[in-house]
Amino acid sequence: MVRRATIYLMAGTLALAMAFIAGSLGAAPRLPDIPNPKVAAEAPEIGKYGGTYVISSISDFRTFNPVVSQDTASGLVTGAIFDGLVEQNYVTGEIEPALAESWTVSRDGKSWTFTLRQGIRWSDGKPLTIEDVLFTFQATFTPGVDTSNRDGLTFEGKPVRWRKLDERRIQFTTEKPIGLFLRFVGIEIVPKHKLQDALAKGGAEFSKTWGVNTPPRDIVGTGPYVLQSYVPGQRATLLRNTTYWKADRKGNRLPYLTRYIILIVPNVEAARLKFLSKETDAYSARPREFAELKQLEKQGNFTIYDGPESFGSEFLVLNQNPAGVSPPKLTWFQDVRFRRALNHAIDRNTIVQQIYAGRATLAWSAVSVGNKLFHNPRVQQYPYDLTRAQQLLAEAGYQKGTDGVLRDGQGNVIEFTISTNAGNPDREAIGNILRQDFTKLGMRVTFAPESFPTLVGKLTGTYKWEAIVIGLTGGIEPATGRNVWLSSGDLHMWRPNQKEPATDWEAEIDRLFEQTSAEVDQSKRKVLYNRFQEIVATQAPFMHFAYPKSQPALRNTLGNIKIGLQGATGELETRYYKTVFK
Amino acid sequence: MLRYLARRLIQMIPLIFGVTLLSFIVIQLSPGDFLAEIRLNPVVSGETVDAMRRNFGLDQPLFIQYAKWLWRLLHLDFGFSFAYHVPVTWLIGSRLVNTLILNIAALVIAWLLAIPIGIHAATRQYSVSDNALSLTAYLGISTPSFFSGLLLLFVAFKTGWLPIGGMTSLDYDILPWYGKILDVGRHLVIPASVLGFGAAAGLMRQMRGNLLEVLRQDYVRTARSKGLAERPVIYKHAVRNAINPLITLFGFEIGGLLGGAAILENVVGWPGLGRLILEAVVQKDLYVVMGSLVIGSFTLVLGNLIADILLALSDPRIRYD
């Protein structure tokens, strides 16, 4: 009998021990006021509290109103003060819950329901409610508000509809299923109780609210930091938000840093000097600076990382628009064999060496190598091969005369002008390299940079240009650039604003984009994007050169450094200093 | 004198009108407008850009835009900045004091250096020190301000003695009042010296030349032959006359106090008016540029007026009615 009791006791203790271990292993961290905080999963280390983190920004902030903010500098501040329903993981590119703890999408793909996380408070103590979410979307669509967030939430001319389901849930409805909805719905949420008076006065008044002349106390957000002070033209100082809704794996409330300061510097040189003199602790170096900064690592106590490629690149585009160019030039530019020949004549390796000091990857696809989600490596490539280029030209009827000058079938000399925006040294250097490359084919090419506004006026207004070297930044989803790729788009540079697609391949791209927009399943979108990249590489309306690598430099005293997409080095809320004394 | 003053002030009105009208036309006629930058953003549609253009009032005919602006100006409303969404007056006001501090410091350095050195050079004409000073002056005049600025920034970086650009340190807000003055002073050294030395070079040559000419005059010879010591001859008689043209210059300098040494401010990162206006011109932030032009013209005319009054006060031969 004693033996049986002992067995029961041992079994009981064992069960209790296992339950305890299982419980502590699987227990999600809790914060006293937030039952389900978001756990920062990407951060490898548990950090220490304290410290001041200083970075530089080349331009001054334009506004503290996240609905109105459109530039990178303002985004540095609003990104630290506000959050959206969802956010993008900086390593994988996937969309994750933020202010919303979960969402569901209806079977037909037309309705999205988001559930708010409980317990989140604004930095002035008031609770975050579904009314704030409704208010933010209402403000975004109020006429007169100077925002660029509307386009992402408008599909085929119709804005998305939303309604409140209950105190924690909001539902968005679209006419057709929108696969990209998650990429656009994460706009930063603003407090209704602080801004409703301004919105009531109209869109123009709302655009002026929470500008840089606002007392910092009035700017209220849910994000990791709160604005403490702004000195115009000099810096913005932000302080830790003690009621933030994210925690680390051990249940410590984030962020770790006490102060976050953004210095305004006049140019990249000044940013570099401040980094080297240890006034700031982060610097995004340009490709050319990598080798030199690597030498200075020990002296400056920092590490410069070999980052992934950025999403945007420079490219050459030829004008295929009858409203801008006439025959014979129009005939050449519209001839795909001509374009492919030019593509083979571009010496990309020289571009990589001279402009990026070797730190760039050759670009064959319109989607960057650095875009791990959607890059398609299996597209047509155009290695530097003058013989092949000349062969393609000969096959298409372009002959080099005895004087070495290339002429088309009608005897017209092949001559055109390449333009770009003056003052951009990379583009100017590339333009010169191209001019030399094409001259080897026997063409008469002139390179003439002009001012940026003139260029934009030509690209989007008069269309009177021949060839342009320019660049576009890319988001992670190619379909977000529909203004560029749809034949009806106004940034469809080689032939914008088409009423009907002028060619079969442009019609196919239109169809692919329509399908991707509707496709909720990401793996199916990838298949469509692969086909899109194949078409663009084969038809070569844009001839991309190379995707430059990023090379972020960070002080060695910082922790939780993990390199992500486009050279991002970590999340602001998980940054910490390994030794804290400031 | 009062009637003269009134007349000059009234003359300012058509001047400002003319300056602003001309500049308005030039800015608007040049290709592109403020929205050129956002036009090339792949995520923003053409319709949104057009809507923004309507919000800013940039789609209306030129003369209507100008007339609206002028009407607001008469109510002392300088309009709003496109880039910052804040009133132009606030924007300019936030940088005004910074530029004033820099320009006044540069003015003080320039004049405190130039006058004594100029006098020294003139009284010891062709001596070793005179030649050395002339050489330095030529170097100072010919070196562009941004170059000297960059050079000094580099020296500051290497030696760590001075802060690298900016106007205040990170902990400025918690410093006591004398700490704040010291902090701004440390940041002021590089830009004020560049501006000050550059201006001093030219002024010194002027002072030297004027004094040399005055010292050749008959009355100076008379004073010496009457037995006056050298000191009162130079300082009480000669310098007082030699400095006349420089007083006019001083008046112009006052007119330029609110002007921006835009390039230097950019190089050194001084948060002043010059940088703001340069940015606004490049971005075509219309009402900021127009506002700064009004202020600039006003201070210029005021400076001219002060120069003329100072001249009248110091030179009894000049009288205005």
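Two residues are in contact if their C-beta atoms, placed from the backbone, lie within 7 Å. That criterion applies throughout this report, which concerns a predicted model.

**Confidence and overall form**

The model has an ipTM of 0.85 and a pTM of 0.87. For chain B the average pLDDT is 85, and 99% of the residues score at least 70.

Chain A contains 18 helices and 28 strands. Along the principal axes, its C-alpha atoms fill a box of roughly 110 × 65 × 60 Å. The radius of gyration of chain A is 27 Å, which agrees with the value near 25 Å for a compact globule of 582 residues. Of these 582 residues, 46% count as buried. When contacts in chain A are restricted to residues at least 6 apart in sequence, 70% of them join residues at least 24 apart.

**Two helices and what follows them**

The table sets out one helix from each chain.

| Helix | Residues | Number of residues | Expected span | Span between end C-alpha atoms |
|---|---|---|---|---|
| α18 of chain A | 522-539 | 18 residues | 26 Å | 26 Å |
| α4 of chain B | 62-74 | 13 residues | 18 Å | 19 Å |

The span of α18(A) is close to the expected value, and that of α4(B) agrees with its own expectation at 1.5 Å a residue. A residue with positive phi follows each helix: A:Ala540, near 50°, comes after α18(A), and B:Leu76, near 60°, comes after α4(B).

Which residues of α18(A) are buried? They are A:Arg525, A:Leu528, A:Tyr529, A:Phe532, A:Gln533, A:Val536 and A:Ala537. An α-helix has 3.6 residues a turn, so residues three or four places apart point the same way. The cover over the buried residues of α18(A) includes α17 (504-518) and β24 (542-544) of chain A.

**The contact between the chains**

Chain A contributes 43 residues to the contact and chain B contributes 36 residues. On the side of chain A that touches chain B, at least two residues each are supplied by α6 (203-208), β11 (225-231), α7 (268-276), α15 (452-462) and α16 (482-485). Of the elements on that side, α15(A) gives the most, with six residues. Sorted by class, the side of chain A that touches chain B comprises 17 nonpolar, 19 polar and seven charged residues.

**The largest nonpolar core**

In soluble globular proteins, nonpolar side chains tend to be buried together. Here the largest nonpolar core has 199 residues, and A:Leu227 and B:Met204 are those with the most contacts inside it. Helix α8 (residues 177-215) of chain B provides the largest share of this core, 14 residues. With neighbours within four places in sequence left aside, the contacts of A:Leu227 are A:Phe64, A:Val77, A:Ile81, A:Pro216, A:Ile219, A:Ala236 and A:Leu238.

**A buried serine in chain B**

B:Ser148 is part of helix α7 (residues 145-159) of chain B. Is B:Ser148 buried or exposed? The threshold for a buried residue is 20 or more other C-beta atoms within 10 Å; B:Ser148 has 21 such neighbours and therefore counts as buried. Not counting residues up to four places away in sequence, B:Ser148 touches B:Thr143 and B:Val194. The C-alpha atoms of B:Ser148 and B:Val194 are 6.4 Å apart in space, although 46 residues separate the two in sequence.

Methods. Residues numbered from 1 in each chain as written. Chains lettered and ligands numbered in written order. Predicted model: local features only at pLDDT ≥ 70, side-chain atom pairs only at ≥ 80, totals over all residues. Helix = DSSP H or I, 4+ residues; strand = E, 2+ residues; numbered from the N terminus. Expected span 1.5 Å × (residues − 1). Buried ≥ 20, exposed ≤ 12 C-beta atoms within 10 Å, placed from the backbone. Rg over C-alpha atoms; globule rule 2.2 N^0.38 Å. Nonpolar A, V, L, I, M, F, W, Y, C, P; charged D, E, K, R; others polar. Core = buried A, V, L, I, M, F, W, Y, C linked by C-beta atoms within 7 Å. pLDDT = per-residue confidence, 0-100.
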